[in-house]
Amino acid sequence: VGVGVGLGLAADILLGITLFIPYVLDRLIYARFFKNTIVQMFLFAITWVCVDVIFEFTPVANYVSLGYSQYSILPLAQVISLFGLHFLSFIIVLFSAGIALYFVNFNPKKKSKNIKTIIISSSFLVFSLLYGGIYSIVPPISNNSIIVMNGYSTNTSHSWSRRIFTLEENINWFTNDATLAKASNVNLLTYPEESFVIDKSEENAFIDALSKTCSENNIYAVIGIRVNQSKDTFLNQSWIIDNQGKLRSKYTKTHYVPFAEKGIIVGDGNIEVVDTPFGKLATVICMDLEYPTYISKVRRLGADILVAPSWDWSSMPKNHSRSDSFRAIENGVNFIRVTEEGYSVSTDYRGNVISEYFTSANYSYKVAKHIYKMPTKGIATLYGYIAVALPFLYPISLATIIVTSVVINKKKTSTVK
């Protein structure tokens, strides 16, 4: 918890300093040199989003994006399936700036001119709500579903470094869960981040045992694994094993929590999609979800279901897991975030919550083995295909507006002379 509080405080300080930038630029430059309130409004909103974009390329990631504040307003959030999280932040700031500029520059003699900022900024909000409302009521493209069971970690002491269970105990733990899953007609068994801790020398034996168990019980499994490479280094992985006992994917965590995961060997960012009878299955791990552009790979790979083994702190609020479900909306995937210590959440590709529950530190509080039905078919989204280009769009737009405004002002000045 100390690490979590420290990181949270550091992030808050960085956020406060960084998000001060749009206001400074607005007062020192925009308001002085750009007298057109509509131009000021767009400059402020785009500058805000440029700062938002910068965070995505830092260790702080997009934890602090203003767009996440709308996680509970799904009709509005659906617009991210078109243009992503940053566009949602843009809409919020543009609308707020439009209203603020109306009152700051209010002139009873020029009511029609003043209200333009409200009309223009509101049009973006109205478009997003209309799109989201229509998108939300369109019937799903498929009613097919599978039964999912979320398992629990063997790492019940919340230790980041030391071994908890022996290899045999790890195998028995998984076997017991798989047996229960088979009895409950489960198709997919999932586990949180670092649910099983093994040494490198045990890896092959553990794979053989898990593969045999999946085959015998006719289940697919996505398993959070920590593989210690040495005394001081480890791999944080998510394995996908199919119902024939074949290890189909071994994903290594690519983005990690600064200062909290000392010794982690970072992955190469290779996300694989596994074909299954119920759809295409992909996996990433926890912190990877905070990088929208990175996760957009799953749409271009055609994934239907995204499973993210995760690990929070108990002090983290529910909105953290909920905001991660934005990756589902952006990429048209059904989403499972199975969490060690914190909120686990599963949603469909529109962000509708299917399953949600809390697990406390050391499992002093937990629900029974969580079993639920999950839709299996994803949907193509515009964002998934243009995501890589979008972070460059905002600074280009900012530069274009500034240059265009300067040119127009110069022409007006020349004409007056």
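A nonpolar core is a set of buried Ala, Val, Leu, Ile, Met, Phe, Trp, Tyr and Cys residues joined through side-chain atoms within 4.5 Å. The model here is predicted.

**Cores**

The largest nonpolar core has 40 residues. Within this core, Val79, Leu88, Phe90, Phe326 and Tyr394 touch the most other members. Several helices give two or more residues each; they are listed below.

| Helix | Residues |
|---|---|
| H3 | 37–56 |
| H4 | 74–77 |
| H5 | 80–83 |
| H6 | 85–104 |
| H14 | 326–331 |
| H16 | 390–416 |

Helix H3 provides the largest share, 13 residues. Look next at Tyr394. Leaving aside residues up to four places away in sequence, Tyr394 touches Ile46, Val49, Cys50, Val53, Phe83, His86 and Phe87. A second core is separate and holds 24 residues, including Ile271, Ile285, Ile295 and Phe335.

**Sheet**

Strands of a sheet pair through backbone hydrogen bonds, either parallel or antiparallel. In this model, 6 strands make an open sheet with mixed pairing. Their order is E7-E8-E9-E11-E13-E14. Strand E7 (273–276) and strand E14 (353–359) are the edges, and each pairs on one side only. On average, neighbouring strands are turned by 20° against each other, direction ignored. Strand E13 (residues 342–347) runs antiparallel to E14, and 6 bridges join the two. Thr347 stands opposite Val353 in E14.

**A glutamate in a loop**

Glu194 sits in the loop between strand E2 (188–190) and strand E3 (196–199). Is Glu194 buried or exposed? Buried means under 20% relative accessible area. Glu194 has 0%, so Glu194 is buried. Its side chain makes a polar contact with the side chain of Asn236, at 3.4 Å.

Technical notes:
Residues numbered from 1 in each chain as written. Predicted model: local features only at pLDDT ≥ 70, side-chain atom pairs only at ≥ 80, totals over all residues. Heavy atoms only, no water. Pairing = 2+ DSSP bridges. Helix = DSSP H or I, 4+ residues; strand = E, 2+ residues; numbered from the N terminus. Axes fitted to C-alpha atoms, helices over the stretch in contact; angles between N-to-C directions. Buried < 20%, exposed > 50% of the residue type's maximum accessible area, 1.4 Å probe, protein only. Polar contact = N/O pair within 3.5 Å; in protein donor to acceptor, adjacent residues only side chain to side chain. Contact = heavy atoms within 4.5 Å.
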